[in-house]
2 protein chains.
Amino acid sequence: VDERAPMAWDGWGDPARRAVLGPGVQRLLRRRLGIDPDADPRSRVRLAAVAVPPSRLPEGMQNRLGDIVGPAEVRTDDESRIRRTGGKGYPDLVRLRRGDAAHAPDAVVRPGSHAQVRDVLEACAEHGVAVVPFGGGTSVVGGVEALRGGFEAAIALDLGLLTELVDVDETSLVATVQPGLRGAELEVLLGERGLTLGHVPQSVQYATVGGFVATRSAGQASTGYGRIDDLVEGLRMATPVGDLRLGRAPASAAGPDLLQLAVGSEGVLGVITEVDLRVRPAPQARRYEGWATASFADGLRAIRALAQEGPAPDIVRLSDEEETAVTLAQVTGAKALALRGVLAARRRRGGCLLVVGYEGTARDVRDRRRAAARLLAGRGARHLGRGVGEAWERHRYEGPYLRDPLMDAGVLVETLETAARWSALSQLYAAVRGALRTALGDPVVLCHVSHLYPTGASLYFTFLAPVAEGEEIARWQAAKEAAGAAIAGVGGTISHHHAVGRDHLPWMAAEVGEVGLSALRAAKAALDPAGICNPGKLLPE
Amino acid sequence: VDERAPMAWDGWGDPARRAVLGPGVQRLLRRRLGIDPDADPRSRVRLAAVAVPPSRLPEGMQNRLGDIVGPAEVRTDDESRIRRTGGKGYPDLVRLRRGDAAHAPDAVVRPGSHAQVRDVLEACAEHGVAVVPFGGGTSVVGGVEALRGGFEAAIALDLGLLTELVDVDETSLVATVQPGLRGAELEVLLGERGLTLGHVPQSVQYATVGGFVATRSAGQASTGYGRIDDLVEGLRMATPVGDLRLGRAPASAAGPDLLQLAVGSEGVLGVITEVDLRVRPAPQARRYEGWATASFADGLRAIRALAQEGPAPDIVRLSDEEETAVTLAQVTGAKALALRGVLAARRRRGGCLLVVGYEGTARDVRDRRRAAARLLAGRGARHLGRGVGEAWERHRYEGPYLRDPLMDAGVLVETLETAARWSALSQLYAAVRGALRTALGDPVVLCHVSHLYPTGASLYFTFLAPVAEGEEIARWQAAKEAAGAAIAGVGGTISHHHAVGRDHLPWMAAEVGEVGLSALRAAKAALDPAGICNPGKLLPE
């Protein structure tokens, strides 16, 4: 992971590391989806050919913003605007690949301090300009699309200049960080002091600390390290009516926890300008290993025991039968050790792959690993060895890179995720799979459990279906609607770690009820009376 | 603990179990405070002599409430009203002992269902009657005082009929509980199924589940089991504008966590009518033991290592030098085992007592105990054995019982608590002690750390000072103001687990800022537009 790499404008990740489809995936496309991966790829415009509407930012406003952040940091050139048109969701990329940047912001503004953020908000509130906070730009739910709400113009407030590790309180193990710092960059800076945050979503190379907090994210190791909401100890947020500073103590009974109102607020209440994060000593030891369970249901029982009886591993990823089959097909060409494990797993019909990982001191890793291994073996899981775990580790950030060649091949490819209590998980699993099949014909639907809690777990789905050129967004929409309705219907949450953004608005009423929504809307009206903060996200009209 | 015992109307706890001052405390009063504990006790009126103002509840309203809950559950007799005048804070008791029940509610209403709670709120909103939710009545911050706000009348909404364990989801380990169930009663019901909540504040004999959640409480074992905010998985709240149902999944990224807006809302947003709580298998083994550290500062370093390097015990209580001395004086007469430990501790000049406790499976207790013992011994703490821990365990709920005879003896006796990050804890400790000395002359100030977090800890102060009859509330007020200003001044939280109530209103602006307050006020206005829900609490005017 190069923590400073640029991001492709029309796809995922470092342009220097574009992925190709391996033979396993090619076989899957041919056999299951009837797609010829060797056919001519779908058309894709060049950056210079993207149509950007003229900026509607009034000249006076451009000057006023320039007075605040410096004229060079108010950019209205096409490339700057195209690159902040939206996030990295499937529809975002479909539009850009077509050359459609209709939603490009009217300007990109890069403040260099909390005071500048505050002044920008004040100016935009006064003149009625929407403000869309932009961190790593990795939202997959439309969270950074430059919607204008009822306003004439919108700016992308790019936090890319606010990248300092401001302070590390080594006694309290709290790091104070600016919002624009990428997760991977933060890990490098903390690593120099022997510390870690341990927050590693698949987007960690690009996603920023402010984005983590604003979207209430979880990372691959959150079963052990905790979600970002567990790791946030305090924050500072600039709002149009003034500053919010929260987090005086590690815990408090002084009323509702407003920190948890700010976490997950997705830019609609204001802009996070500083975050206090709980950090830990960097792990001395890491151990990742594979297990095979006889079925997904068996695996669920085993990992529930891990979560409830403990000690839980830091990383747990249980793939269902379909994901296991696809994973095995992909890693066939890998190292011998992994291969042996894989073959052992294959001998079990319909078996499921379980990856578990431990990080910490050598003793802690050894003790927890031993206890978990005893528990898993006692529940009939079969040890596949470290090769499988290490193969997962090597490829852990590569998933999103595969999307671009899949889209080139004409595949509708998307992920969605949810969570529920253990008692509802099988029903939720069946409901989402059923909904996707109904919406998409006979898609490939892969699923894994990636985050464990004592009372429940998350489900992460990846689905692939052939799609005709021009119909991508309509079919995607149909799939999202079907899956969202299924999730809401069986009582799951509409998002476990991707956030609400634009895509999940229709299910917010099911999520928190009309009374919950009215409380949220009231809080927004108090902090952002003009309604300029990220309109069209989080809160349905 | 008798989980169904009645509560003294003018003091703490089971009237059958009134405490007497032991020789150690008597000596302390004589030597340090110049008080003769054998002198005539302070005067205390009988229940029949308490002055209760006439009920101002309009007759029409009484009938309407009677239509909702049944006429027998709308009580306006003196005793019912006196018993819901306030909580169990020092000023509450001072007033009642004098026969002052000026703040008695105009009626006590006991709903039997969620629907009845909702209908009561609707009726009261329509007619402008304040509603004060009343659970165990154990608030020590004025949280259940029947303030009227701008209204003519106030009712105490007593939740004493809502005491069901509604459901236990054994797969997800989630118990659904009605709000009026006492903590100790819940433990009995869960115990019958081999489960526990593990939430044991000192008030657990009387305090209710709804009160735990509404006040964001912590219990003696919260270092291990987590605070109530960690244990709440969902809830149902009746508000004047409709129902709020939260908690679809163990974790979610669907916007701000509104559950954490409801937890700690202290009745000002509505009335909690059902709570989903994370439960666990009841511990097979418990082990409590004492350690001695050379000083409070040394002890802080040792327990910080427990919290940050782990595994932390479930119960950690480190007393400062003064509290250690008083504790040792009290237990002199106890069993030989405890005595031997105590004597060993005394040999260290200025030593501090540390009680740690482990609960869980036998193996888990053994493993964690071994690791923690290694860590403590490595930091110079001396093992005092199980006798000291078991003595703490035997007396763990008795503290509040001592207050009544202390008040009889003319002692101003109060507790207050706060929390901060580890790096600020010593400064916070010094600031509060200094403030109490300034306000009260030469009080006895005892302190212990009772809850550990990786990033900080709580401080719990008990202070005693002589007070002239008639001056109790003025001196108490002076002490609270001095301590509150000190806490706010060094950045601690105004309450770690007692809540805001009426007493901590002046520091809410320091706690969450004016912007935070405006968000809270807006949420209240949305859910309780008439402002009938527990006026005068949590939110300063």
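1. A good place to begin is Pro311(A), which sits in the loop that runs between helix H11 (296-309) and strand S13 (315-319) of chain A. In this predicted model, the peptide bond that joins Gly310(A) and Pro311(A) is cis, with an omega of about -5 degrees. Chain B can be read in parallel: Pro311(B) is placed in the loop between helix H11 (296-309) and strand S13 (315-319) of chain B, and the bond from Gly310(B) to Pro311(B) is cis with omega near -5 degrees.

2. The relation between the chains deserves a careful look. Chain A can be laid on chain B with an RMSD of 0.0 Å, by a turn of 180 degrees and a shift of 0.0 Å along the axis. The two copies are therefore related as by a two-fold rotation axis. The same surface serves both copies, since 100% of the contact residues of chain A recur in chain B.

3. The loop that holds Pro311(A) also holds Asp314(A), and here a charged pair is worth inspecting. The side chains of Asp314(A) and Arg368(A) meet in a salt bridge, at 2.7 Å from N to O. This pair links distant parts of the chain, with Asp314(A) in the loop between H11 and S13 of chain A and Arg368(A) in helix H14 of chain A, 54 residues apart. Both Asp314(A) and Arg368(A) are buried.

4. Helix H14 (residues 362-378) of chain A also contains Ala371(A). Is Ala371(A) buried or exposed? Ala371(A) counts as buried because its relative accessibility is 18%, and the cut-off for that word is under 20%. The C-alpha atoms of Ala371(A) and Pro133(A), which are 238 residues apart along the chain, are separated by 44 Å.

5. Helix H11 of chain A includes Phe296(A), which counts as buried at 3% relative accessibility. Although Phe296(A) and Asp320(A) are 24 residues apart along the chain, their C-alpha atoms are separated by 5.1 Å. Leaving aside neighbours within four places in sequence, Phe296(A) is in contact with several residues, among them Leu318(A), Ser319(A), Asp320(A), Tyr429(A) and Val449(A).

6. Which residues have the most contacts inside the largest nonpolar core? They are Ile303(A) and Ile303(B), in a core of 255 residues. Helix H19 (residues 508-527) of chain B gives the most to this core, with 10 residues. Not counting residues up to four places away in sequence, Ile303(A) touches Val316(A), Leu318(A), Leu354(A), Trp422(A), Val449(A) and Leu452(A).

7. Leu195(A) belongs to strand S7 (residues 195-196) of chain A and is buried, with a relative accessible area of 5%. Its C-alpha lies 6.5 Å from that of Val279(A), while the two residues are 84 apart in sequence. Beyond the residues up to four places away in sequence, Leu195(A) touches others that include Val168(A), Glu170(A), Leu173(A), Val279(A) and Pro281(A).

8. Leu173(A), one of those partners, has a positive phi of about 55 degrees although it is not a glycine. Leu173(A) is placed in the loop between strand S5 (165-169) and strand S6 (174-177) of chain A, and counts as buried at 10% relative accessibility. A positive phi, near 65 degrees, is also found for Leu538(B), again a residue other than glycine. Leu538(B) lies in the segment after H19 of chain B and is buried, with a relative accessible area of 1%.

9. Glu414(B), in strand S16 (residues 411-421) of chain B, is a point to check with care. This residue is buried yet has no salt bridge, and the nearest side chain of opposite charge, Arg403(B), is 4.6 Å away. The side chain of Glu414(B) does, however, make a polar contact of 2.8 Å with the side chain of Trp476(B). Not counting residues up to four places away in sequence, Glu414(B) also touches residues including Tyr90(B), Pro91(B), Val140(B) and Phe461(B).

10. Over all chains, the structure holds 84 salt bridges. In one of them, Arg18(A) and Asp10(A) meet at 3.5 Å, N to O; Arg18(A) is partly exposed, with a relative accessible area of 41%, whereas Asp10(A) is buried at 6%. In chain B, Glu170(B) forms a salt bridge with Arg193(B), the closest N and O atoms being 3.6 Å apart. These two lie in separate loops, so the pair ties together parts that are 23 residues apart in sequence.

Terms used
Residues numbered from 1 in each chain as written. Chains lettered and ligands numbered in written order. Predicted model: local features only at pLDDT ≥ 70, side-chain atom pairs only at ≥ 80, totals over all residues. Heavy atoms only, no water. Core = buried A, V, L, I, M, F, W, Y, C linked by side-chain atoms within 4.5 Å. Buried < 20%, exposed > 50% of the residue type's maximum accessible area, 1.4 Å probe, protein only. Helix = DSSP H or I, 4+ residues; strand = E, 2+ residues; numbered from the N terminus. Contact = heavy atoms within 4.5 Å. Lys, Arg positive; Asp, Glu negative; His and termini not counted. Salt bridge = Lys/Arg side-chain N within 4 Å of Asp/Glu carboxyl O. Polar contact = N/O pair within 3.5 Å; in protein donor to acceptor, adjacent residues only side chain to side chain. Least-squares fit on C-alpha atoms with pLDDT ≥ 70 in both.
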